[in-house]
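Here are a few exercises to work through with the model open beside you. Try each one yourself before reading the solution.

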Amino acid sequence: MTLRTKLLLAQAPLAAGLALVGLVALNTLQTLGRSSERILQDNFRSVLAAQRMKEAAERIDSAALFRAAGRPDKGDAQAGPNIEAFDTELRAQESNITEAGEAEATRRLRAAWNEYRAKYDAFRRIGGEQELRRHYFEELQPEFLRIKDAAERILEINQDAMLLKSDRARATAERNRSLLLLSTICALVLCLFASVSLTRRALRPLNLLSLAVRRIGEGDLEARARIQGEDEIAQVGRELDTMADKLREYRSSSLGELLQAQQASQAAIDSLPDPILVVAADGTLLNVNESAERELQIHAGERPLARIDPELRDAIEKVRAHVVAGRGPYLPRGLEEALRVRDRRLLPRATPLYSEEGAVAGATIVLQDVTRLVRFDELKNDLVATVAHEFRTPLTSLRMAIHILLESTVGPISEKQADLLQAAREDCERLQDIVDDLLDLARIQAGKVEVQPAAISAKSLVEGALANRSAAAAAAKIQLAAEVREPVLPVLADAERIALVLDNLIGNAVRHSAPGSTVVVRAQPQHDSVRFEVEDHGEGIPPEYRSRIFEKFFRVPGTKGEGIGLGLYLAREIVLAHGGDMGVESEPGKGSRFWFTLPVPGRSIRATAA
């Protein structure tokens with residue numbers, strides 16, 4: 001027997017109870033219907049006939065009065081139809097005698113009517129008015145009253161019978177209602193008990209199946225359902241037992257060892273404190289470790305980008321897109337890419353997952369906890385800022401002392417001493433530049449570098465920057481050229497800080513250009529900005545270092561220079577603070593072109609602090 005058949009049989013008591021209640025209700029309705037039908041058949045027709053006969057008799061009496069009053073034509077016109085109507089209703093009453101005493105009353109009515117008809121016919125043959133009146137009051141009217149009394153008696157008998165039958169029908173309805181309620185309750189209780197018992201018996205194998213599944217899920221591969229029968233549950237139980245047998249075989253085989261190894265590796269991943277996500281190429285989350293579930297509130301099989309913090313979601317999507325695009329592992333450029341998640345700082349990095357065909361199928365993303373490193377970096381920056389700030393006072397005094405000595409203010413010096421002091425002054429200037437760069441770096445990292453943009457000519461910025469570097473370029477035998485394309489647009493810029501950006505770019509171009517070459521500074525209008533370019537013909541930047549050229553403290557290995565690798569970083573931060581952008585185009589052996597953009601008046605600046 002199938003499970004469906006068993007469940008249908010379990011519902012059979014309910015169906016039987018419903019049918020029983022329906023039969024009782026149907027019998028009740030039929031009983032009430034017969035009571036109403038009996039009242040209509042037995043009494044209502046007699047009541048209606050009696051009332052109509054009374055009305056017809058009254059109209060015939062009125063016709064007799066018309067004749068007695070000298071209007072025989074009107075009396076005859078009214079009497080004829082009513083006499084016929086009275087005869088019709090009397091015959092109907094004689095054929096519908098159903099109550100005790102009704103037959104006697106009907107015979108009395110028939111006798112009175114026959115007597116009245118005979119006297120009315122005689123009344124119609126009388127000619128004189130006096131005789132008509134006498135005959136009406138002495139002969140005709142008493143017979144009329146006898147007819148009314150007889151009809152009234154029939155009416156009373158049937159009305160009393162209707163009231164009695166109505167009371168009986170009401171009592172029957174009360175009894176049937178009580179019977180229906182009692183039968184409904186009994187049927188409901190008995191049928192529910194029978195249905196629940198049959199259902200529990202039919203589904204009892206499910207408890208055994210559930211217990212076996214739970215034990216197998218807990219690792220007890222010796223558990224079996226052992227369900228007897230041929231229904232669907234028994235078939236599932238046998239399939240479960242077969243699966244448990246195969247699982248036990250797998251555990252003892254090499255596949256079982258692989259599964260155990262996979263479980264061990266998952267346990268190892270779960271033991272790592274950093275959140276780890278395995279994401280498919282379409283963004284589906286394939287696997288996570290316990291740290292990711294705990295910190296990010298995500299689970300495998302979901303699309304994590306819909307639930308986590310927007311900033312972290314964007315970072316994960318960026319890393320995934322980088323790896324899926326086939327650009328290899330994603331390595332962060334520095335701690336500035338660390339994301340804040342609650343009280344932790346997480347740095348994303350990723351490696352690709354490959355399918356059997358060698359295509360990138362997803363990415364393994366590790367959110368490295370760099371909270372302590374970020375704090376150490378902040379402490380380092382504070383220390384650098386403090387040391388640089390403390391250097392300024394003694395460095396200023398040292399520069400002043402060297403200047404006084406070179407000016408022979410405190411006495412004459414020899415030529416050799418002047419050369420040494422001149423070298424010392426140049427070193428102080430370089431040291432001063434380094435201190436200024438370190439202080440600017442500290443301000444940028446603290447978010448305290450503000451720009452105060454104002455409308456200024458792009459041409460004046462280019463000319464001022466070239467004038468500041470003309471002496472150094474001439475000493476290096478480098479030509480400086482300006483190309484300012486019409487129309488000359490004003491830009492929104494902090495003149496002092498943009499001058500530092502141009503000075504840094506022109507200084508780097510002069511430093512890395514061969515003698516006799518030309519450094520070109522351009523300004524050309526764009527849609528809503530002006531693009532500045534500084535182009536040299538030096539050795540260029542190798543491709544592997546091009547993406548890191550704007551990182552702080554980074555210097556291309558093997559290049560000459562006297563800085564500490566902060567110039568380009570500070571320049572980019574200043575440009576970004578203006579709402580512009582900055583980049584580089586370079587080819588080894590052919591030179592480099594550094595560019596940045598500044599907004600024109602009428603365009604809002606994205607930020608006022610770097």
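**Exercise 1.** At what angle do helix H13 and helix H15 pack, and how far apart are their axes? Then list the residues that make the contact.

*Solution.* Keep in mind that this is a predicted model. Start by finding H13 at residues 495-511 and H15 at residues 567-577. They pack at an angle of about 145 degrees, and their axes lie 9 Å apart. Next, look at the handedness: H13 passes H15 in a left-handed crossing. Now for the contact: H13 brings in Arg497, Ile498, Val501, Asn504, Leu505 and Asn508, while H15 supplies Gly567, Leu568, Ala571, Ile574 and Val575. Sort those by class and you get 7 nonpolar, 3 polar and 1 charged.

**Exercise 2.** Work out why H3 and H4 count as roughly antiparallel.

*Solution.* Take H3 (residues 72-94) and H4 (residues 102-125): their packing angle is about 160 degrees, with 11 Å between the axes. Angles over 145 degrees count as roughly antiparallel, so H3 and H4 fit that label. Their crossing is left-handed. Among the residues that meet are Phe86 and Leu90 in H3, and Trp113 and Tyr120 in H4. The class tally for this contact is 7 nonpolar, 3 polar and 8 charged residues.

**Exercise 3.** How much space lies in the largest cavity, and which residues line it?

*Solution.* The count comes to 1 cavity of 30 Å³ or more. About 40 Å³ of space lies in the largest cavity. Its lining includes Ala458, Arg485, Leu489 and Gln524. Strand S9 (residues 518-525) gives the largest share of that lining, 3 residues. By class, the lining has 8 nonpolar, 1 polar and 1 charged.

Methods:
Residues are numbered from 1 along each chain as its sequence is written. This is a predicted model: local features need pLDDT of at least 70, side-chain atom pairs count only at pLDDT 80 or more; totals for chains, interfaces and linings use all residues. Side-chain values use heavy atoms; hydrogens and water are left out. Axes are lines fitted to C-alpha atoms, for helices over the stretch in contact, and angles run from 0 to 180 degrees between N-to-C directions. Helices (H or I, at least four residues) and strands (E, at least two) are DSSP runs, numbered from the N terminus. A crossing is left-handed if the near helix is turned anticlockwise from the far one by less than a right angle, and right-handed if clockwise. Contact means heavy atoms within 4.5 Å. Ala, Val, Leu, Ile, Met, Phe, Trp, Tyr, Cys and Pro count as nonpolar, Asp, Glu, Lys and Arg as charged, and the others, Gly among them, as polar. Angles under 35 degrees count as roughly parallel, over 145 as roughly antiparallel, 65 to 115 as roughly perpendicular and the rest as oblique. On a 1 Å grid over the protein atoms alone, a cavity is a set of points where a 1.4 Å probe fits but cannot get out, and a pocket is an open set with protein on both sides within 12 Å along at least five of seven lines; lining residues have an atom within 4 Å of a point. Grid points are joined across faces, edges and corners, and a volume is the space filled by probe spheres set on the points.
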